[in-house]
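Please take a look at the chain shown here before reading on. The paragraphs below go through its overall dimensions, its sheets and its internal spaces.

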Amino acid sequence: MKLDAKIPEGPMAEKWTNHKFNVKLVNPANKRKHKIIVVGSGLAGASAAATLSELGYPVECFTYSDSPRRAHSISAQGGINAAKNYPNDGDSVYRLFYDTVKGGDFRSREANVYRLAECSNLIIDHCVAQGIPFAREYGGYLANRSFGGAQVSRTFYARGQTGQQLLLGAFGALQKEIKKGGVTMRTRCEVIDIVVIDGQARGIISRDLVTGELTRHAADAVVLATGGYGNVFFLSTNAMNCNTSAAWRAYKKGAAFANPCYTQIHPTCIPVHGEYQSKLTLMSESLRNDGRIWVPKAKGDQRPANEIPEEERDYYLERKYPAFGNLVPRDLASRNAKQVCDEGRGVGPTGQAVYLDFADAIERLGKANIEAKYGNLFEMYNRITDEDPYTTPMMIFPAVHYTMGGLWVDYNLMTSVPGLYALGECNFSDHGANRLGASALMQGLADGYFVIPNTINDYLASNRFGQVTTDHEAFAEAEREAKDKLDRLLAVKGTRTVDDFHKELGHLLWENCGMARNEKGLKAALEKIPQIRAAFWKDVNVPGSADDLNQALEKANRVADFMEFAELMVKDALERAESCGGHFREESQTEEGEALRNDEEFCYVAAWEFKGLENEPELHKEPLEFEEVHLTQRSYK
């Protein structure tokens, strides 16, 4: 395997413009001859499927949900970044690019990040034209607010439901193309395998989740927009159905998997409240605009928050990072919350929480203004905890949220398998070792609306595609392998549930490869994961059959992939003996306890190649070069 990032020549600000001119095009009549499969219907998938269809390509779009409207993108709350500089506070495309590279702790590819910043402004114009109800100022201008890792207000939002509104816009565009006949929508279907013929991605094997039927689908290119792998930890802010299966199957068919150890821990989540909890609830980072984070100065202070006087409170982020205060990047906010809780100053019944307090903001702005900004978030918190955040500080604690690692892609968003593309959270390219808040929606829509429609043409115009039907032996073999795996899961008939194994794996990862990692813990996890996997295949209990709706079988199939993926994730974390962004190795920190990079040895993308389950994966390195943003130790003080 050779990694060629295909970064265009020329100045950074001109790379994307020049590249769009230099790629080959497919004329309108020939576009009708090239079928494209899009897997996933969230922001990246829906926008890509709609836009490719608008160009004239026949598109087949797959989702495991009963409607594209139920994609997990709907859960995004706080906003979407763009360099419009409407507040006139010094923002620019270059500053958004700079903040993103710095926020990712210099572990992202500069050219991809600059393109993302360029596309950001186009996204806002496109979404406004769609009718997205962004918040507006009194005079009608689009409103902006701040997010972590930036000193400007560049985040566009629709109260606390930005993802939902953006997804409705992409869904509308997709529905228009379905109505026209350009997109064939396959709902309640899950991708079971990727089919590669003569080195090219030529289709997929899908399972109908209602009937259990395995079906074959051929195409000239396959686009994966299937999200991240945060649910490997069991408890995360992701929907329960979110998984890594499509990306993992692509990895096993030859696509390199990049930086799997990069996991984002979000600082503002409702703390774990029970042994049988199945997921965690995110409270938007936008709350850090007006909420102040604090803990008692004294250890073990169990008094109610409102009884602790001001002089006995530690607003630790404001104290440690005066330039950014409560709006430091997520990795810093999360680690500092863990640190004060480890010191015994955490709050709540478990001591694993900190306060997010709006008393000052309510006094300064009035309750009505706070309600207008965050009302639905406050209501959600109240419904879950039965506490009123208008009168009592919220309690929050970090939780697994987003994954920066993913399938390795070049500048065109193609994986190392020709014809196989990865968009949005499914790829690794834009966020480095830590994603800035409000950048996930930006990347998903940039990839779908503006990048893939320009880059996929070059591949389709540059290659000859022999006639391939689903009768090809590669499809038959992939279907057999998929069926055999499902049959194996059903045949175990053990004593433990899928969730039982998933919890065991997730707890192991959270303890050893979560907010902080060290060599001893990672090596212990590497010894334990194969044991859990072996026990899973000997003692898992999957009731029902493969011939109808069977959610236990769906989950088992995904958890089987997590069992394999977890090992690669920990290997990558052990190999990267430095701290960067969300990957915090305890052996590599500054005197002040901040992440300490090792640029001489680890300034690269770690791209892993599958060599068989019984063999060690091969590590390939894509060197990262920084022409515009010079490597420095991050500081938000």
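Helices and strands are here DSSP runs, numbered from the N terminus, with at least four residues for a helix and at least two for a strand. The model is predicted. By that numbering the chain holds 17 helices and 19 strands. Its radius of gyration is 24 Å, close to the 26 Å that the globule rule gives for 637 residues, so the chain is as compact as a globular protein of that length. The C-alpha trace spans about 75 × 60 × 50 Å along the principal axes. Of the 637 residues, 60% count as buried.

The sheets come next. Strands of a sheet pair through backbone hydrogen bonds, and the pairing is either parallel or antiparallel.

One open sheet consists of three strands in the order 6-7-8, and its pairing is antiparallel. Strand 6 (189-197) and strand 8 (214-218) are at the edges with a single partner strand each, so one side of each has no neighbour in the sheet. On average, and ignoring direction, neighbouring strands of this sheet are turned by 25° against each other. Strand 6 is joined to strand 7, residues 200-208, by eight bridges. In this pair, C189 is opposite D208 of strand 7.

Another open sheet has five strands, in the order 11-15-14-12-13, again with antiparallel pairing. Its edges are strand 11 (263-269) and strand 13 (313-314); each has a single partner strand, so one side of each is left without a neighbour in the sheet. Strand 11 pairs with strand 15, residues 394-403, over five antiparallel bridges. I265 faces V400 of strand 15 across this pairing.

Parallel pairing is found around strand 9, residues 221-224. Four bridges connect strand 9 in the parallel sense with strand 1, residues 36-39, and three connect strand 9, also in the parallel sense, with strand 17, residues 420-422. V222 takes part in both pairings: V222 is the bridge partner of I37, and L420 in strand 17 is the bridge partner of V222. Which way do the residues of strand 9 point? A221 and V223 point one way, V222 and L224 point the other way, and all are buried.

Strand 11 returns in the description of the internal spaces. The structure holds four cavities of 30 Å³ or more, and the largest has a volume of about 60 Å³. This largest cavity is lined by T263, Q264, I265, D331, S334, R335, N434, M515 and G582. At least two residues of the lining come from strand 11, and at least two from helix 9 (330-342). I265, which stands opposite V400 in the five-stranded sheet, is one of the lining residues. By type, the lining divides into two nonpolar, five polar and two charged residues.

The last feature is a pocket. The second largest pocket has a volume of about 790 Å³. Its lining comprises 32 residues, among which L235, V272, H507, W510 and E511 lie nearest the centre of the pocket. Helix 9, strand 15 and helix 14 (498-513) are the elements that give two or more residues to this lining. Helix 14 provides the largest share, six residues. The lining of the second largest pocket divides into 15 nonpolar, 10 polar and seven charged residues. Helix 9 therefore contributes to the lining of the largest cavity as well as to that of the second largest pocket.

Note on methods:
Residues are numbered from 1 along each chain as its sequence is written. This is a predicted model: local features need pLDDT of at least 70, side-chain atom pairs count only at pLDDT 80 or more; totals for chains, interfaces and linings use all residues. Side-chain values use heavy atoms; hydrogens and water are left out. Two strands pair if DSSP finds at least two bridges between them. Axes are lines fitted to C-alpha atoms, for helices over the stretch in contact, and angles run from 0 to 180 degrees between N-to-C directions. On a 1 Å grid over the protein atoms alone, a cavity is a set of points where a 1.4 Å probe fits but cannot get out, and a pocket is an open set with protein on both sides within 12 Å along at least five of seven lines; lining residues have an atom within 4 Å of a point. Grid points are joined across faces, edges and corners, and a volume is the space filled by probe spheres set on the points. Ala, Val, Leu, Ile, Met, Phe, Trp, Tyr, Cys and Pro count as nonpolar, Asp, Glu, Lys and Arg as charged, and the others, Gly among them, as polar. The radius of gyration is taken over C-alpha atoms; the globule rule is 2.2 Å times the number of residues to the power 0.38. Buried means under 20% relative accessible area, exposed over 50%, partly exposed in between (1.4 Å probe, protein chains only).
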